[in-house]
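Thank you all for coming. I would like to walk through one model with you this morning, so please have the sequence and the structure open as I go.

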Amino acid sequence: MTRPIRATIDLNALLANYQYAKQMSANNAQALAVIKADAYGHGAIAAAKALDAEADGFAVASVEEALQLRQANIKSPIVLLEGFFSAEELEAISHYNLQPLIHSQQQIEVLHKHPQNKALTVWLKLDSGMHRLGFSPEQFITAFTELTQRPYIKNIICTSHFACADEPDHPLNKKQLACCAQTIKTLGNPPASLANSPAILTMPDSHYQWLRPGIMLYGSSPFAYPHPQASALQPVMTLTAELIATKNLEAGETVGYGASFQVGKSLPMGVVSIGYGDGYPRYIAEGAAVVIHGIRCPIIGRVSMDMITVDLTHCPQANIGDTVELWGTQLSVNEIAAHANTISYELLTKITQRVPRHYIGNTTGE
Ligand SMILES: *Cc1c(COP(=O)(O)O)cnc(C)c1O
């Protein structure tokens, strides 16, 4: 017997979302499937295998994440979104054919001091207004020109990242686009990559040669409000647990830690086998619901480490052993994220290791 909780991952939906991202491009751009942070909590190896035959490449955050994929026999190009952190990583980057991002002069110097025999493809990062990683436009042109002359560099792809693409009307988007367009033009139009999920869905001018879809692959909208382009995405993870106990609560009784919820009119209550130890957010606002038999049942009382408690008033047929959906095909993870004052990215990546991932759809990647 195992604790009744699982994250069911629909690999067909993942593939459909990847294909949808590519369809958004009018100029047949290629797409790096962003599978950092264990594919946003979905399992990087399973995700990579499901996409390997179709994907033009993958993007991860570190050499460790990339090696996990190479050890699982993933042959596609892999881009390291933060490049390398020290010279020790260069040998593995070269040996395993990884493509580091270069965002600083320090990294260029490290490359120069430790030239590898096999020439590298690198992604050179322009800071077009995010002000996190990357070179200013002037530094970028100098760095690009310098790297072009190095024998240990094979290809350079210009890249930049949007700060506000999830708010399509934000003025910074136009500024970043213009900064990139100008810089890329100055360099004679080398290949470029700007678009994350929200830009793929709403900013065709940002598509260039390489898209970088992340959250949209997992079927979660990058926008805080309903958006027509995002409505076609198919949820990939359905998180479910079970009703493990039910009881009736009388008026005036309280539920759970801190006795924070007091019963008004007597109500049937259920206990569900998931808690913050599984990654379900503890700071969830009143009004958040779970789904049982297709019916929304509100969470009452505090989220515990291993359990939550729900009001079964509208689902009198609910019984011990019934499946409870926390998010997925019936209840969007974005809605739960809004109730927890966060974004779907955080909820998905925080599902802990004790939640078994169960894969459905084409699990062979063929
Ligand atoms: C994570 C990441 C992405 C993917 O972003 P989404 O909003 O999930 O689509 C793209 N590019 C870079 C540089 C990233 O770090």
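Let me begin with the open sheet of this predicted model, which has 8 strands in the order S8-S7-S6-S5-S4-S3-S2-S9, paired in parallel. At its edges lie strand S8, residues 192-193, and strand S9, residues 210-211, each of which pairs on one side only. Packed on the sheet is helix H1, residues 11-23, which touches S2 and S9 and whose direction makes about 140 degrees with that of S2. As for strand S2 itself, residues 30-34, it pairs with strand S3, residues 57-60, in the parallel sense over 3 bridges, and within that pairing Val34 stands opposite Ala59 in S3.

Now to the backbone, where, as a general matter, most residues other than glycine have a negative phi. Asn28, although not a glycine, has a positive phi of about 55 degrees; this residue is found in the loop between H1 and S2, and Asn28 counts as exposed, at 68% relative accessibility. Tyr208, also not a glycine, has a positive phi of about 45 degrees, and Tyr208 is placed in the loop between helix H9, residues 197-202, and S9.

Finally, is Ser273, in the loop between strand S13 and strand S14, buried or exposed? Ser273 is buried, because its relative accessible area is 3%, and the cut-off for buried is under 20%. Its side chain reaches the backbone oxygen of Pro4 at 2.7 Å, and, leaving aside residues up to four places away in sequence, Ser273 touches several others, including Arg3, Ile5, Glu242, Asp278 and Asp306.

Definitions and conventions:
Residues numbered from 1 in each chain as written. Predicted model: local features only at pLDDT ≥ 70, side-chain atom pairs only at ≥ 80, totals over all residues. Heavy atoms only, no water. Pairing = 2+ DSSP bridges. Helix = DSSP H or I, 4+ residues; strand = E, 2+ residues; numbered from the N terminus. Contact = heavy atoms within 4.5 Å. Axes fitted to C-alpha atoms, helices over the stretch in contact; angles between N-to-C directions. Buried < 20%, exposed > 50% of the residue type's maximum accessible area, 1.4 Å probe, protein only. Polar contact = N/O pair within 3.5 Å; in protein donor to acceptor, adjacent residues only side chain to side chain.
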